[in-house]
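Please open the structure in a viewer that can select residues by chain and number. The tour below proceeds one selection at a time.

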Amino acid sequence: MSEQVVDSADVVLRLSDVVKTFPGVRALDGVELEVRAGEVHCLLGQNGAGKSTLIKVLAGVHRPDSGRVEWLGEQVEFSGPQAAMKAGIATIYQELDLVDYLTVAENIYLGHEPRSFGFVHKGQAARQAAELLGRLGHGEIPAGRMVKSLPAAGKQIVSMARALSHSAKLIIMDEPSAVLAHDEVDNLFRIIRELTAQGIAVVYISHRLEEIREIGDRVTVLKDGRTSAVNLPARSTPTRDLVSRMTGRSIEYVFPERPNTAPGERLLEVRGLGRSGEFTHVDLDVHAGEIVGIAGLVGSGRSEVLETIFGARQAEAGTVVMNGKTLPPGNVAAAVRAGIGMAPEERKSQALLLGEPIYRNMTLTTFPGYATAGFTDAGKEQSEALRVADQLELRPRDVRRAVRTLSGGNQQKVVVGRWLLGDTRLLILDEPTRGVDVGARAELYQVIRDLAANGVGVLLVSSEVPEVLGLSDRVLVMREGRVVRSAPATELNEEDVLDLVMAGSLTAATTEEVAA
Amino acid sequence: MSVRSEETVKREAPDAGGHGAPASGAVAAGPRWWRNESAEGMWRNLGLVGVLLALFAIGAIIRPDLYSNIDWVTNNMMVILTQAAAIGVVTVGMTFVIIGGGIDLSVGALIALSGVWATTVATQSFGPAGMIFTAIAVGVGAGLVNGLLIAYGRLVPFIATLAMLVAARGLAAAISGKQTQVSGDQFINSLAKERVLGVPLLVIILLVVAGLGWVLLNRTTFGRRTVAIGGNAEAARLAGINVRGHTMLLYALSGLCCGIAAIMLTSLATSSQAAAAELYELDAIAAAIIGGTLLSGGRGTIVGSLFGVIVFSAITNLFAIANLPTEVQNMVKGAIIVVAVLIQQLRFSSVTQFARRHGLSRPKAGTQQQT
């Protein structure tokens, strides 16, 4: 605390006890953050820890429910992204928000073009844009070029020039290195160093510990929507400390006990599965009654593998065999007929009809089965849905209510329930507990374990390593589109898996050996 | 896609904020009929009935002479319904297409094409059955082409049906040689004059089509698929529903309705021409929208669409009996569409959220100014 008092003059941004809740989940649950002028402040945390929500609060996209946001010493509440931008906070999102069919200069000055009487001074905009690009060491990017024709790294430079055009005092970068090649990352770091030398503060988000060590000054670690550590020195904090702050849990998840029974016959056999640019040579088996978990970061190809097995994406190489039958690639209906069900990653956009009643969401796959000559049987659908709802302890028990009104955990139960109504022998779960609060998680774990006990094979993906380890019988670790490790869950521990999962971590060399 | 999902998040915010997870269980125990989705539709339809009553009252005020005799009043109502009949049938098909997440701009042109094709000398030689069959086959066939282009050719519905609009009008003009084709068939021509228990046959056809449409939408797997695909196409696909095949059928259904409407219009005019049913697509879309069908898909009712059509028809009638020019009539129609959509949006952003936003922002804005 004494340290903060000394440096308080330099502090540009201070968050205290910031809370932000979404339906059914506390995304931010008391977050602290302190950013000084001219520093690179790194945000570290697993997926779902609240990093994106925090960025959006800073960028004025979300408003905090409570807590203080102090910007340049004054308490502020941004009415929207424009207000934050005007105040001097610029955000460079992972998915760059540039307009493809405008020129570099037009993008940089989008919304605040130099103009008089409504006429844009194109020449002036181009000159100023070229100047900003020069300041970033990239004078070679022509201001008049269409943004669409630039590579990802070039677009990132344009985004940064746009931030400078707003005379930003704080630039937030959300995983900027994810889209860059190795030498481009060096260039990014050079630019960041020049920005900070001019007194601009940078909030830098990355999964790669080595980058944080190279560019970062201080680190704030988020975990489950809370800050588990603030202002750690980026270079000298041991990796073990950082990793344990990210993973150590305030609430111990209770995982159901693994039964001692051996898994049954082989249900799913995947061989040599691949899609260019996403993943290659994926082999995996799932047996009846077995839970197989895949650990990996976003972009490691884990979700893509699941969707390809299910037929939502078309396989380019390899085979998927279910119950001895080879599935046609890219055919969801065939996968469903073969007894595969999937609860996709984005519940709301990929799985649910939010305005429709619970029972209709549950019977979305099976409703033709209850129908007679094409006429649906709402009564039968409701009673069947209620049976499964009770089995899953769905709350509320009223299956005629709109799914929109349910909490995240109960929405997930509706999706799982959909497949329980059918004759599903293999259930694929992509991030089954995302957006699910702690209490409901334990219930979902029990549901998944019970399913396995009844002979259903389960293939799941989670960004949360402890969840994969605690729930699965067997674990695959994926990184950059390849399976780098496959072992029984009992032979792995959390920190080893995290090391494997994080590309470029300190033990990268050993990871490569394991893969080979 | 992303825009829509953001909207969804906004929409549900007030709901979820209203009752937390533990409380919602208790709330749900009681009957919640007033939150029922179909009840919501019922309130909207009552609103449209209110509009109809208001139009009726205005008519009675400006032309008391016409409203002095009960026979004249009933007669005028039948005129309103008869004028709504063909466009109403088209609107039923349009409602399915829009609920399924699409749009069909070609309906007016398909009516013209079906009508012209059904009244060529060659077709008329096959008698009324041949004419009806031709009209329906042409409508369904053209609808299937729309569906193929959209579902399998991956054209945007707006573009595919716009192209069909232009092409079908052109084909109709080519077939008819830009001449009005008189229907010499007594059976077809008598349809518009026929009455059953005092109700014009065309009105009965509309009611039958709407009734079948209601059953199809609310009681069959076809209707369930339509709602699912329009509400969330990705979710429907991942649930194993054949989204493309069904999308194609929706446009074929719209084409079928156009074929039926073509016969009805041919009967009314005892002729067909390439310029028939102009701008019907806009009237049908507008009627569906003011009837509560979401233009983004996933929600809508046949009854609402039916009321929408009748409201428009009643306005036309009101202006006719008041001897007002059609220009004014079109301006009023435009205003009604805007008001209806504004009401629709208000329902989604919901009054509570509106109030809360203002309750929140005022004091906060104050603090910002002070500091």
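## A tour of chains A and B

Begin by selecting strand β1 (residues 11-22) of chain A together with strand β4 (residues 66-71) of chain A, which pair in the antiparallel sense over five bridges. Here helices (H or I, at least four residues) and strands (E, at least two) are DSSP runs, numbered from the N terminus, and two strands pair if DSSP finds at least two bridges between them. This is a predicted model, in which local features need pLDDT of at least 70 and side-chain atom pairs count only at pLDDT 80 or more, while totals for chains, interfaces and linings use all residues. Residues are numbered from 1 along each chain as its sequence is written, and chains are lettered from A and ligands numbered from 1 in the order in which they are written.

Within this first pair, select Leu15(A), which stands opposite Val69(A) in β4(A). Next, add strand β5 (residues 74-75) of chain A, which pairs with β4(A) in the antiparallel sense over two bridges. Glu70(A) is found opposite Gln75(A) in β5(A). β4(A) and β5(A) form a hairpin with two residues between them, and Leu72(A) in the turn has a positive phi of about 55°.

**The six-stranded sheet of chain A**

Now select the open sheet of six strands in chain A, whose order is β6-β9-β10-β3-β11-β12, with mixed pairing. β6 (89-92) and β12 (226-233) of chain A stand at the edges, each with a single partner strand, so one side of each is left without a neighbour in the sheet. On average, neighbouring strands of this sheet are turned by 20° against each other, direction ignored; axes are lines fitted to C-alpha atoms, for helices over the stretch in contact, and angles run from 0 to 180 degrees between N-to-C directions.

At one edge, β6(A) pairs with strand β9 (residues 170-174) of chain A in the parallel sense over four bridges. The bridge partner of Ile92(A) in β9(A) is Met173(A).

Move on to strand β3 (residues 40-44) of chain A. Is this strand mostly covered or mostly open? It is mostly covered, as five of its five residues are buried (a residue is buried if 20 or more other C-beta atoms lie within 10 Å of its own, exposed if 12 or fewer, and partly exposed in between, with C-beta atoms placed from the backbone). In a regular strand the side chains alternate between the two faces of the sheet. Val40(A), Cys42(A) and Leu44(A) point one way from β3(A), His41(A) and Leu43(A) the other way, and all are buried.

β3(A) pairs in the parallel sense over four bridges with strand β10 (residues 201-205) of chain A, where Val202(A) is the bridge partner of Val40(A). β3(A) also pairs in the parallel sense over four bridges with strand β11 (residues 218-223) of chain A, where Thr220(A) is the bridge partner of Leu43(A).

**Helix pairs of chain B**

Turn to chain B and select helix α7 (residues 127-151) and helix α13 (residues 243-269), which pack at an angle of about 150°, with their axes 7 Å apart. α7(B) and α13(B) are therefore roughly antiparallel to each other (angles under 35 degrees count as roughly parallel, over 145 as roughly antiparallel, 65 to 115 as roughly perpendicular and the rest as oblique).

Finally, select helix α5 (residues 107-118) of chain B and helix α8 (residues 157-176) of chain B, whose axes come within 8 Å and cross at roughly 20°. α5(B) and α8(B) are therefore roughly parallel to each other.
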